[in-house]
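Please look over the fold and the surface of the chain shown here. Then follow one helix in detail.

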Amino acid sequence: LTPSEIVTLLVGLIALVVGIRIYRRFAIIQRLNIPAPVIGGLIVAAGTLCLYLGFDIEVKFARELRDVLLLFFFATIGLASRLAALKRGGLPLAYLC
């Protein structure tokens, strides 16, 4: 089973929303600092494992959007950083850039 790029994106977005709702509902998850996307991803991984073990259906999600979404992800991290935090990083952080 190979879902299209749109279906893969939809599964990812649904997993994110479910992860956020579970994160907000259970205080232990918040105390353990488990991010909401990880929770949603684990649920999708468990679902695909059940499909594979129970029905011998192998799910291969589309990867064409991965590079574009990674660029968006890292760009938003960079935009969200504060200049004071970058200054505290000092010279080692400048080497990474």
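This report goes from the whole chain to a single helix.

## Overall fold

The model is predicted. Its protein chain has five helices and zero strands. Along the sequence, the pattern reads α-α-α-α-α.

Consider contacts between residues at least 6 apart in sequence. Of these, 50% join residues at least 24 apart.

## Burial and surface

The protein chain has 97 residues, and buried ones make up 10% of them. About 8100 Å² of the chain is exposed. Carbon and sulfur atoms supply 70% of that area.

## Helix α1: length

Helix α1 covers residues 5-25, which is 21 residues. What span should it have? At 1.5 Å a residue, the expected span is 30 Å. The end C-alpha atoms of α1 are 30 Å apart, so the model agrees with the expected value.

## Helix α1: two sides

Which residues of α1 are buried? They are Thr8, Ala15 and Gly19. Viewed down the axis of α1, these buried residues fall within an arc of 35°, so they line one face of the helix. The general rule is that an α-helix has 3.6 residues a turn, so residues three or four places apart point the same way.

The other side of α1 carries exposed residues: Ile6, Ile14, Arg21, Arg24 and Arg25.

What covers the buried residues of α1? The cover includes α3, residues 36-55. Thus one face of α1 holds Thr8, Ala15 and Gly19, with α3 among the elements that cover them.

Technical notes
Residues numbered from 1 in each chain as written. Predicted model: local features only at pLDDT ≥ 70, side-chain atom pairs only at ≥ 80, totals over all residues. Heavy atoms only, no water. Helix = DSSP H or I, 4+ residues; strand = E, 2+ residues; numbered from the N terminus. Buried < 20%, exposed > 50% of the residue type's maximum accessible area, 1.4 Å probe, protein only. Contact = heavy atoms within 4.5 Å. Areas by Shrake-Rupley, 256 points an atom, 1.4 Å probe, with all protein chains shown as cover. Expected span 1.5 Å × (residues − 1). Arc of directions from axis to C-beta.
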